[in-house]
Amino acid sequence: MDFDFDTEVIRRGSDCMKWDECPEDAIPLWVADMDFKAAPAILRALQKRVEHGVFGYEHIPARYYDSITRWLLKRDNFELCKSWILSVPAVIPGLSAILQALTLPGDQAIIQTPCYNNFFSSIRNSGLETVENPLLYKENQYFIDFEDLEKKLSHPRAKVLILCNPHNPTGRLWSRDELEKIGNLCIEHDILVISDEIHCDVRPYGSKFIPFGSLGKEYLNASVTIRSASKAFNLAGLQNAYIICSDKKRLERIDRQININEICDLNPFGIEATIAAYDESEDWLNAVNIYIQDNYKLLKKHFSEKHPNIKILPLESTYLAWLDCKATGLSSDELAQRLLENAKVRVNSGTLYGEKTGEGFLRINLACSRITLQTALERIDSVLTA
């Protein structure tokens, strides 16, 4: 089946954060959602639910859990029991519930910066101390600093490592060897791994994603995973995510915290959309991944020809390009502001993901129509060639 990602969907004026929190004459390439219509199967499922016409209290059906387990087994060779799954409205509320259930105020949570900005707020709001294990940046690529990581893990107040896999914003898809090294260190120091895998289905066709919990029983038991169909299928507004935990005692504590935080109920539209995504929309996902990679190639070609001093990092996963702009001589914030004011293009400053580790970088969302990206690149030229 052919899918049309070129036709622009008018999102401005629809109370869309990405577009309506951006100046009217600006192109938004910032917040991480797609400009594409959802897969046809998802639209059909939602229409059917609307036509039913009654939207009262509901429970989560067994077919929802069946859909998740089938998808993870088929897509990632990750076999799990339905009893390990807890549902939450979104990844960050779920992350906060995990932290609050399994740590105490004053404990340390380790993150690998630059990293998703809401990790910082989730850790802070849960009463924990943020400890950074900065990624090593060399030869236009990121690597884990295992020497520093072991040092941070050995601290007596260190309790959890929040692993971003795939990594936002750098686009890294961690290898089996890297994940096993992380896991072995965490097991040695009795540190829980919380694996945020929300971007895992957004990757080049044929590439391999390895869920942390699929590495083996000891890694599964030493971790909690949190996922959602929201990034890959553009369902963030439907409020649906899920936690995977094989340890019964941890699972019970997390479940209790979810209820304390009153985030145990799901939007029924999110349930239907997730089932339709996982059961009927893999062909759409494969097509959108190809389209995103073609956008990435366009971005990379454009900069290599017109602004070769700016480095485009490899995009192993996610639809978020990470640009090394240090050669411009401008700070990330200054460059992002100039692009907004003078080029009318909104991107994310790298400092959002780590004041030090993100300095000199920009993040650009590639999940848009080809013409939108091309227009934005032409506008960016006006600032970078001035």
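This is a short talk on the fold of one protein chain and on some of its residues.

Good morning, everyone. Before anything else, please keep in mind that what you see above is a predicted model.

Let me begin with the chain as a whole. It contains 14 helices and 15 strands. The radius of gyration is 21 Å, and the globule rule gives 21 Å for 386 residues, so the chain is as compact as a globular protein of that length. If you follow the C-alpha trace along its principal axes, you will find that it spans about 60 × 55 × 35 Å.

How much of the chain is buried? Of the 386 residues, 57% are buried. When we take the contacts with a separation of 6 or more, 74% of them are made by residues that stand 24 or more positions apart. As for the outside, the accessible surface comes to about 16900 Å², and carbon and sulfur atoms hold 50% of it. The chain also carries 44 positive and 54 negative charges, and the mean positions of these two groups are 2 Å apart.

Now to the cysteines. A disulfide is a covalent bond between the sulfur atoms of two cysteines. How many disulfides does a search of the whole structure find? The search finds zero. Cysteine 81, for instance, is in no disulfide, and the nearest cysteine sulfur, which belongs to cysteine 245, is 12 Å away. Cysteine 81 counts as partly exposed, because its relative accessibility is 38%, a value that falls between the cut-offs of 20% and 50%. Why does cysteine 186 not form a bond with the closest cysteine sulfur? That sulfur sits in cysteine 164 and is 15 Å from the sulfur of cysteine 186, which is too far for a bond, since a disulfide requires the two sulfur atoms to be within 2.5 Å. Cysteine 186 has a relative accessibility of 0%, and therefore it counts as buried.

Let us turn to two charged residues. Aspartate 324 lies in strand E12, which covers residues 320-324. Is aspartate 324 buried or exposed? Aspartate 324 is buried, because its relative accessible area is 6%, and buried means under 20%. Leaving aside neighbours within four places in sequence, aspartate 324 is in contact with several residues, among them Tyr137, Asn309, Lys311 and Phe361. By way of contrast in the sequence, valine 9 is 315 residues away from aspartate 324, and in space the two C-alpha atoms are 30 Å apart.

The other charged residue is arginine 49, which you will find in helix H2, residues 40-52. With a relative accessible area of 10%, arginine 49 is buried as well. If we do not count residues up to four places away in sequence, arginine 49 touches Val54, Phe55, Glu58, Pro268, Phe269 and Glu272.

Next, I would like to look at the backbone. Which peptide bonds are cis? One of them joins threonine 113 and proline 114, with omega about 5 degrees, and proline 114 is in the loop between strand E3 (108-111) and helix H5 (117-125). Another runs from asparagine 165 to proline 166, with omega near 0 degrees, and proline 166 has its place in the loop between strand E7 (158-164) and helix H7 (176-188).

There are also asparagines with a positive phi. Asparagine 77 has a phi near 55 degrees, a positive value in a residue other than glycine, and asparagine 77 is found in the loop between helix H3 (62-76) and strand E2 (85-88). At 57% relative accessibility, asparagine 77 counts as exposed. Asparagine 140 has a phi near 60 degrees, and its loop runs between strand E5 (136-138) and strand E6 (141-143). Asparagine 140 counts as partly exposed, because its relative accessibility is 22%.

I will finish with glutamine 100, which lies in helix H4, residues 91-102. At 27% relative accessibility, glutamine 100 counts as partly exposed. What does glutamine 100 touch, if residues up to four places away in sequence are not counted? It touches Asn125, Ser126, Gln257 and Asn261. Of these, asparagine 125 is 25 residues away in sequence, while its C-alpha is 9.3 Å from that of glutamine 100.

Thank you for listening.

Terms used. Residues are numbered from 1 along each chain as its sequence is written. This is a predicted model: local features need pLDDT of at least 70, side-chain atom pairs count only at pLDDT 80 or more; totals for chains, interfaces and linings use all residues. Side-chain values use heavy atoms; hydrogens and water are left out. Helices (H or I, at least four residues) and strands (E, at least two) are DSSP runs, numbered from the N terminus. The radius of gyration is taken over C-alpha atoms; the globule rule is 2.2 Å times the number of residues to the power 0.38. Buried means under 20% relative accessible area, exposed over 50%, partly exposed in between (1.4 Å probe, protein chains only). Contact means heavy atoms within 4.5 Å. Accessible areas come from the Shrake-Rupley method with a 1.4 Å probe; for residues, only the protein chains shown count as cover. Lys and Arg count as positive and Asp and Glu as negative; His and the chain ends are not counted. The place of a charge is taken as NZ of Lys, CZ of Arg, CG of Asp or CD of Glu.
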